[in-house]
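This report looks at two ligand sites in one protein. Please have the sequence and the coordinates open.

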Amino acid sequence: MVILSIETSCDETAVSIIEATGDFPNATYKVLGDAVLSQIEAHRGFGGVFPTVAKREHAFALVPILEKALSEAKLAALPHTMLYPEQKEDLRALLSREEGLADGIFSLYERYNTPAVDLIAVTEGPGLEPALWVGINFAKALGKIWKVPVIGVNHMEGHIFSSIFEETHLAPIEFPALSLLISGGHTEFVLSRNWAEYEIVGKTRDDAVGEAFDKVARMLGLPYPGGPEISKLAEEHRATHPSESINFPRPMLGNNDCDFSFSGLKTAVLYYLKGKEPGSYDRAEVARAFEDAVGDVLVGKARKAIEQFNIRTLILGGGVSANKHLRDRFTAAFGTDRSDVALYLPERKLTTDNAVMIALVAHAQYREDAPARDLVAYGNRRPSFPTNQT
Ligand code: KG4
Ligand code: ZN
């Protein structure tokens, strides 16, 4: 089965094509094509991701990125015939809000033969609603002209699959499994008692971890996205100083639930910097102290949750799981032979938003006999998974 997947939930336009042989969860996967375009440069001036800019950038990027993925997969071959005028009209109506996208698809269709794709998968949410719609409408349009089914995928489930994907197959997971998802918009513990079963058992009450990284970076005068910048500075400090002397709070570490709070930590950094002239303090030391506090909270909370739910497998996922310090801390705490849990971290290139993870989830959830459902971008209007909290 060949799956073409599309991811446009935030500031990465990604298309991948994977071939799955065998049945989930024991299938073998081959990534035939994978193309990503990051919009970071377009958003840097705004200090964050600007939804209308993201939407426009996705609309411009989708056809070239698809073309790149198809070429890489050697699926872009032979000129095709023209589309009928009524087909074009139909597609223009579907893509009326996506600048330039209809013409892009017409040109692509007329240049290449219909590729041998069995299923199209697209991210439905969570994410930025306008950005998600571009991907969804694009997927629907391709589904129509290629006559291929289209299914919607949960982005956060994608991050979980990114972490357990081992180049050609999924890791053999022992349940119960706990995923700690840390990204720009989410920080949550997701409990799985089996495949495709997800329950949020803890989450942040305010800022997401990535958001805290980005905000602290801004306070330190670092460019967006702040996470990698903080990490770089903190690592520099660790390499040159045995310890640091700033002690930021470890919010909620003492609580008995699995919830987080990062706004207090952010405020503590703000107070520390208050009244200090730039240059009168060591930015690298602040970055390190902030990371140390985040590391203590995440590892400490994970330890408690593992005990509470008798967890066998711990999965760390989401954009922030690219962070070196956090990876080191989780590996030291849970990744050794003495550990009671098996730890999975995403391969570096799958930490950020990508389309490979969307194809993997699609393969896991696709049922040939399932009735087709109209896809709707759900943005951030609903929790990423069922939640145990009211
Ligand atoms: O999962 P992701 O790519 O997008 C969302 O779905 O939100 O996560 C993006 C977040 C941003 O807040 C970014 O600053 C953070 O991940 N991030 C990092 C690192 N790389 C990306 N945070 C800390 N250290 C990093 N190395
Ligand atoms: Zn993400």
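By about how much of the helix are His155 and His159 separated in helix H6? The two residues are 4 apart in that helix, so about one helical turn separates them. The model is a predicted one.

**Zinc site.** Both histidines bind the zinc ion (ligand 2) through NE2. Asp353 coordinates the zinc ion through OD. The distances run from 2.1 to 2.2 Å. Along the sequence, the donors follow the spacing H-x3-H-x193-D.

**Ligand 1 site.** Ligand 1 takes up the space of the largest pocket. Helix H6 (155-164), helix H7 (209-219) and helix H8 (226-240) each give two or more residues to the shell around ligand 1. H7 gives the most, with 3 residues.

The shell around ligand 1 holds 17 residues. Those that come nearest are Gly184, Asp214, Gly227, Gly319 and Asn323. By type, the shell divides into 5 nonpolar, 10 polar and 2 charged residues.

Backbone atoms of three glycines pair with oxygen atoms of ligand 1. The table lists these pairs.

| Residue | Protein atom | Ligand 1 atom | Distance |
|---|---|---|---|
| Gly184 | polar backbone atom | oxygen | 2.8 Å |
| Gly319 | polar backbone atom | oxygen | 2.9 Å |
| Gly185 | backbone N or O atom | oxygen | 3.5 Å |

How much of ligand 1 does the protein bury? Taken alone, ligand 1 exposes 550 Å². The protein buries 88% of that area.

How values were computed:
Residues are numbered from 1 along each chain as its sequence is written. Chains are lettered from A and ligands numbered from 1 in the order in which they are written. This is a predicted model: local features need pLDDT of at least 70, side-chain atom pairs count only at pLDDT 80 or more; totals for chains, interfaces and linings use all residues. Side-chain values use heavy atoms; hydrogens and water are left out. A residue is near a molecule or strand if one of its heavy atoms lies within 4 Å of it. A polar contact is a pair of N or O atoms within 3.5 Å; within protein, one must be able to donate a hydrogen and the other to accept it, and residues adjacent in sequence count only if both atoms are side-chain atoms. Accessible areas come from the Shrake-Rupley method with a 1.4 Å probe; for residues, only the protein chains shown count as cover. On a 1 Å grid over the protein atoms alone, a cavity is a set of points where a 1.4 Å probe fits but cannot get out, and a pocket is an open set with protein on both sides within 12 Å along at least five of seven lines; lining residues have an atom within 4 Å of a point. A molecule sits in a cavity or pocket if more than half of its atoms lie within 2 Å of its grid points. Ala, Val, Leu, Ile, Met, Phe, Trp, Tyr, Cys and Pro count as nonpolar, Asp, Glu, Lys and Arg as charged, and the others, Gly among them, as polar. Donors are N, O and S atoms within 2.8 Å of the metal (3.2 Å for Na, K and Ca); water is not among the atoms, so sites may look incomplete.
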